[in-house]
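Visitor: I am new to this structure. Please take me closely through one part, the surroundings of the ligand, and then show me how other parts compare.

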Amino acid sequence: MTTVKCQGCGAVIQTSDPNLPGYAPESALSREDIICKRCFRLKHYNEVQDVPYQDDEFLEMLNQISDSRGLVVQIVDIFDFNGSFIPGMKRLTGQNPVLLVGNKMDVLPNSVNPRKVKQWLRSAAKDQGLIVEDVFLISAQRGEGIEALSQAIEKHRNEHDVYVVGTTNVGKSTFINKLIQQTSGVKDAITTSYFPGTTLGFIDIPLDERTSLYDTPGVIHRHQMAHYVSDQDLKTITPRKEVKPKVYQLNEGQTLYFGGLARLDFDSGERSSFICYLSNELDIHRTKLENADELYRNHLGGLLSPPDEETMKSLPELKAQTFRLPEGKTDIVFSGLGWATVPEGNITVTAHVPAGVKVSLRQSLI
Ligand code: GDP
């Protein structure tokens with residue numbers, strides 16, 4: 001079989017993975033000048049699509065950032081730091097200063113102390129090798145914190161360009177829209193979309209005669225739960241309002257299911273509270289550990305949902321990971337879903353999540 005190349009970008013045309021370069025639907029193969037879906041959208045709708053982190057073109061673009069002088073503004077979703085932090089940021093940003101922005105502040109419970117969140121974001125970035133100039137918390141949707149951030153951008157950019165980077169779904173378009181709206185009064189300059197993989201716009205917003213703010217394509221990050229669920233399920237698991245904690249008192253040998261997307265077993269330890277911070281619409285089921293597998297086999301997609309039918313077609317199998325919690329208040333974080341706080345720590349738990357999704361521990365945010 002001869003390889004066919006995209007007439008736009010030169011990538012080899014493939015029909016199997018829409019998230020990889022050169023994707024074109026089967027129906028496009030009969031055309032004379034085949035272009036990939038990405039180039040098609042760019043040509044016809046003036047849209048730039050999100051790209052996987054491994055995409056050469058994207059890495060090259062980020063490399064250009066490290067080769068030039070400018071301020072990098074990295075946006076993360078506070079509710080999903082692990083899923084939304086771009087790996088290898090240090091290498092990609094070079095010597096350029098970085099401002100770290102935690103978006104979706106509005107979904108965190110009121111009891112969260114913003115100072116603690118900032119500290120945690122700063123140290124979580126440092127764990128990934130990235131030293132940041134400053135950390136900001138915003139709600140792009142409500143326009144909160146934008147003013148202070150925009151002043152900091154002005155200060156730190158030192159009359160250079162600004163690059164806004166982020167993985168898909170962190171609210172990058174919403175943020176840039178708000179920024180433009182606040183500075184120029186134009187509403188909805190970029191079209192936002194609810195779903196990852198569809199962020200529009202690679203835009204250049206002039207800051208003055210010589211410099212610009214650049215919106216870069218959203219990076220698709222495989223740790224994001226969002227990539228494993230249907231659009232409908234994504235709506236259910238993404239908190240849209242302040243998260244109301246749900247408290248469970250558990251004995252060892254009990255299990256919590258978060259819908260059917262994740263499961264948390266209390267393996268051993270003294271009776272303990274589990275305070276769950278998840279989307280208010282995601283149901284939690286408590287069961288005995290000994291019944292947990294059977295419940296999953298018989299009720300996945302029914303009692304244990306999401307997943308819905310569409311998600312179930314492609315949802316990876318649950319993988320188990322056991323943790324010994326240190327003494328003290330600890331959060332067990334399920335990337336893209338939320339977390340459970342264990343006030344005393346000092347117990348052993350096993351977390352089950354779809355293979356590829358990350359589970360981690362952190363000192364409690366609350
Ligand atoms: P992008 O892919 O990073 O450009 O993200 P979008 O701007 O398209 O936003 C992704 C989703 O997050 C959309 O459903 C937005 O409505 C939502 N979103 C964006 N900003 C916020 C915010 O500050 N709070 C909340 N709760 N949701 C937000």
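Guide: Start with the shell around the ligand: 4 of its residues are nonpolar, 13 polar and 4 charged. Here Ala, Val, Leu, Ile, Met, Phe, Trp, Tyr, Cys and Pro count as nonpolar, Asp, Glu, Lys and Arg as charged, and the others, Gly among them, as polar. This is a predicted model: local features need pLDDT of at least 70, side-chain atom pairs count only at pLDDT 80 or more, and totals for chains, interfaces and linings use all residues. Residues are numbered from 1 along each chain as its sequence is written.

The ligand has 21 residues around it. A residue counts as near if its C-beta atom, placed from the backbone, lies within 6 Å. The closest are Gln141, Gly171, Lys172, Ser173 and Thr174. Helix H7, residues 172–184, gives the most to this shell, with 3 residues. Helices (H or I, at least four residues) and strands (E, at least two) are DSSP runs, numbered from the N terminus.

Now turn to Ile78. Its loop runs between strand E2 (70–77) and helix H3 (81–84). Ile78 is buried, with 23 other C-beta atoms within 10 Å. Buried means 20 or more such atoms within 10 Å, exposed 12 or fewer, partly exposed in between, with C-beta atoms placed from the backbone. Among the residues Ile78 touches are Gly102, Met105 and Val117. Contact means C-beta atoms, placed from the backbone, within 7 Å.

Finish at helix H9, residues 289–299. Of its 11 residues, the number buried is 0, so H9 lies largely in the open. Gly301 follows H9, with a positive phi near 90 degrees.

Key
Contact = placed C-beta atoms within 7 Å. Lists of a residue's contacts leave out its neighbours within four places in sequence.
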